[in-house]
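Let's take a walk through this protein together. Have the sequence and the 3D view open, and we'll go residue by residue before stepping back to the bigger picture.

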Amino acid sequence: MKGAAQVGVTDADRQWLCAWEVHYLEDPATRGGSALAELKKFKGLHAYTKAYDVSAKESFDKALGSLELGDAGPLQRDVTANCMVE
């Protein structure tokens, strides 16, 4: 895959990630477990495996680890910085 196709796949992966992050944040008590399971799948997607640099991977991994401990702060910061939420 080259050029624009890679960017398109990465953008699609990021939109998928944002959707699950927002889903989690809307109701962590009810949706937390299922959303966390979906968020973990991001590590197998193109954006994480091919497009993310080491720093971006570490940031995502830290946010995921925080979620597992019940801290949604890093996830909220990612949504605020990178997701278009209406």
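## Starting at T10

T10 sits in helix 1. Keep in mind that what you're looking at is a predicted model. Is T10 buried or exposed? T10 has a relative accessible area of 16%, and because the cut-off for buried is under 20%, T10 counts as buried.

So who does T10 meet? Skipping its neighbours within four places in sequence, T10 is in contact with H46, A47 and A51.

## Two more stops on helix 1

W16 is also found in helix 1. Its relative accessibility is 26%, so W16 counts as partly exposed. If you leave out residues up to four places away in sequence, W16 touches E38, L39, K41, F42 and L45. Try finding A47 from here as well: W16 and A47 are 31 residues apart in sequence, and their C-alpha atoms are 11 Å apart in space.

Then there's H23, another residue of helix 1. With 25% relative accessibility, H23 is partly exposed too. Which residues does H23 touch, not counting those up to four places away in sequence? They are R31 and A35. H23 and A35 are 12 residues apart along the chain, with 6.9 Å from C-alpha to C-alpha.

## The nonpolar core

Now look inside. The largest nonpolar core has 13 residues, and the ones that touch the most other members are L17, L39, F42, Y52, F60 and L67. Where do the core residues come from? Helix 1 (4–26), helix 2 (28–40), helix 3 (46–51) and helix 4 (54–68) each supply at least two of them.

L39 is a good one to click on. Leaving aside neighbours within four places in sequence, L39 is in contact with W16, L17, W20, E21, F60, L64, L67 and L75. You've already met one of these from the other side, as W16 touches L39.

## Aromatic rings

How many aromatic pairs does the structure hold? There are five. In general, a pair of aromatic rings is described by the distance of the centres and the angle of the planes. Take F42 and Y48: their ring centres are 6.2 Å apart and their planes stand at 75°, so this pair is edge-to-face. F42 and Y48 are both buried.

Next, pair Y48 with Y52. Here the centres are 6.2 Å apart and the planes are at 45°, so the pair is tilted. Y52 is buried, just as Y48 is. Put these rings together with F60 and you get one aromatic cluster, made of F42, Y48, Y52 and F60. Among them, F42, Y52 and F60 should look familiar from the list of core residues that touch the most other members.

## The largest pocket

Rolling a probe the size of a water molecule over the atoms shows where empty space is left. In this model, the largest pocket has a volume of about 230 Å³. It is lined by 14 residues, and the closest to its centre are A56, S59, F60, A63 and D78. Helix 1, helix 4 and helix 5 (73–82) are the elements that give two or more residues to the lining.

What is the lining made of? By residue type, it has seven nonpolar, two polar and five charged residues. F60 is worth one last look: F60 belongs to the aromatic cluster and is among the residues closest to the centre of the pocket.

Technical notes
Residues are numbered from 1 along each chain as its sequence is written. This is a predicted model: local features need pLDDT of at least 70, side-chain atom pairs count only at pLDDT 80 or more; totals for chains, interfaces and linings use all residues. Side-chain values use heavy atoms; hydrogens and water are left out. A nonpolar core is a set of buried Ala, Val, Leu, Ile, Met, Phe, Trp, Tyr and Cys residues joined through side-chain atoms within 4.5 Å. Buried means under 20% relative accessible area, exposed over 50%, partly exposed in between (1.4 Å probe, protein chains only). Helices (H or I, at least four residues) and strands (E, at least two) are DSSP runs, numbered from the N terminus. Contact means heavy atoms within 4.5 Å. On a 1 Å grid over the protein atoms alone, a cavity is a set of points where a 1.4 Å probe fits but cannot get out, and a pocket is an open set with protein on both sides within 12 Å along at least five of seven lines; lining residues have an atom within 4 Å of a point. Grid points are joined across faces, edges and corners, and a volume is the space filled by probe spheres set on the points. Ala, Val, Leu, Ile, Met, Phe, Trp, Tyr, Cys and Pro count as nonpolar, Asp, Glu, Lys and Arg as charged, and the others, Gly among them, as polar. Rings of Phe, Tyr and Trp (its six-membered ring) pair if their centres lie within 6.5 Å; planes under 30 degrees apart count as stacked, over 60 as edge-to-face and the rest as tilted.
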